[in-house]
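Visitor: I have a structure open and would like to talk through the ligand site. Could you take me through it?

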Amino acid sequence: MSLAHDLEALAVDIAQDAGELARTRRLEGVAIAATKSALADIVTLADREVEALIRARLAEARPEDGFLGEESGAERGSSEVTWVVDPIDGTVNYAYGSPQYAVSIAAVVGEPVAGRWEAISAAVYAPVSSELFRAARGGGAWLGEQRLTVNAEVSAAGGLLATGFGYDPATHAGDLARVARVMPMARDIRRGGAASLDFAYVASGRLDGYFERGLAPWDHAAGALLVTEAGGSFAFFPPPEGSDRPLTVASSPSIFERLVDAALDD
Ligand code: LIP
């Protein structure tokens with residue numbers, strides 16, 4: 001079996017166990033551990049516990065690999081592989097008791113920097129729905145044993161598009177202006193609150209596209225591979241001068257260029 005498929009299998013196994021831990025902790029009650037970049041940017045004790053489980057299982061299986069996690073930071077490895085992990089993507093949803101959250105695990109090769117790496121394996125697991133999205137480079141994208149493909153054509157009514165907003169209120173005017181520019185090509189907009197699931201929904205045809213400025217590397221590392229392995233288009237645009245917020249766009253190829261033109265604002 002290829003390295004990509006081996007790492008996909010490892011990511012799937014760990015994501016399922018991590019997701020069950022997250023679901024169990026949610027049922028027990030959630031404690032906010034801290035706020036991060038803004039008052040709305042929270043981390044729960046479960047985020048930290050779930051990432052610790054993922055990191056320990058990866059270190060046990062592949063001690064030479066690097067790691068980049070939302071809660072415990074980055075560690076360079078001696079192999080070509082770096083694991084990029086969001087232990088609970090959709091943290092605010094999770095804290096409020098909404099089911100729209102997922103464990104996102106990606107294996108990337110090359111420089112461990114968003115926009116420069118190549119993702120080769122991905123697992124996105126939503127514990128409440130028990131939906132497991134997975135992909136290996138060249139092996140397609142899957143929901144369980146169902147092969148995924150993006151929507152080849154988009155309705156004349158427009159695309160069903162998802163987006164998101166930054167935690168910092170100072171970013172909201174620009175984000176809303178972006179939605180206004182995109183709206184003429186949309187039949188409707190969705191704001192799910194978990195980027196990895198938004199990407200997974202584009203890969204599975206539940207959405208026609210997804211755009212957001214401000215995602216962290218762990219928000220898109222796995223989801224972008226799901227989209228491209230499902231025949232979709234994905235682009236990462238580095239932050240403009242003076243910003244730390246990159247733009248990511250993913251969609252059916254039939255609307256990708258138009259969506260990028262509308263979403264880009266620099
Ligand atoms: C979240 C993303 C979401 C984005 C939020 C946040 P987190 O990740 O999944 O799409 O709009 O600002 O980045 O913080 O829940 O891991």
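Guide: Keeping in mind that this is a predicted model, the ligand lies between domain 1 (3-147) and domain 2 (159-263), because both of these domains give residues to the shell around it.

Visitor: Okay, and how many residues surround the ligand?

Guide: The ligand is surrounded by 16 residues, of which the closest are Asp-89, Gly-90, Arg-191, Ala-195 and Glu-212. By class, the residues of the shell divide into seven nonpolar, six charged and three polar.

Visitor: Which side chains have an N or O atom paired with an oxygen atom of the ligand?

Guide: Arg-191 places a polar side-chain atom 2.6 Å from an oxygen atom of the ligand, while for Tyr-167 the distance from a side-chain N or O atom to a ligand oxygen is 2.8 Å. For Glu-70, a side-chain N or O atom is 3.1 Å from an oxygen atom of the ligand.

Visitor: So what share of the ligand does the protein bury?

Guide: The protein buries 95% of the 380 Å² that the ligand exposes when taken alone. As for the space that the ligand takes, this is the largest pocket.

Visitor: And which elements give two or more residues to the shell?

Guide: Those are strand S5 (81-89) and strand S13 (209-213), and S5 gives the most to the shell around the ligand, with three residues.

Visitor: Switching to the backbone, where does Ser-130 lie?

Guide: Ser-130 lies in the loop that runs between strand S7 (118-126) and strand S8 (131-136), and its phi is near 60°, which is a positive value in a residue other than glycine.

Methods. Residues numbered from 1 in each chain as written. Predicted model: local features only at pLDDT ≥ 70, side-chain atom pairs only at ≥ 80, totals over all residues. Heavy atoms only, no water. Near = heavy atom within 4 Å. Polar contact = N/O pair within 3.5 Å; in protein donor to acceptor, adjacent residues only side chain to side chain. Areas by Shrake-Rupley, 256 points an atom, 1.4 Å probe, with all protein chains shown as cover. 1 Å grid on protein atoms, 1.4 Å probe; cavity = no way out; pocket = protein on both sides within 12 Å on 5 of 7 lines; lining within 4 Å. Sits in = over half its atoms within 2 Å of the grid points. Helix = DSSP H or I, 4+ residues; strand = E, 2+ residues; numbered from the N terminus. Nonpolar A, V, L, I, M, F, W, Y, C, P; charged D, E, K, R; others polar. Domains from an automatic or database assignment.
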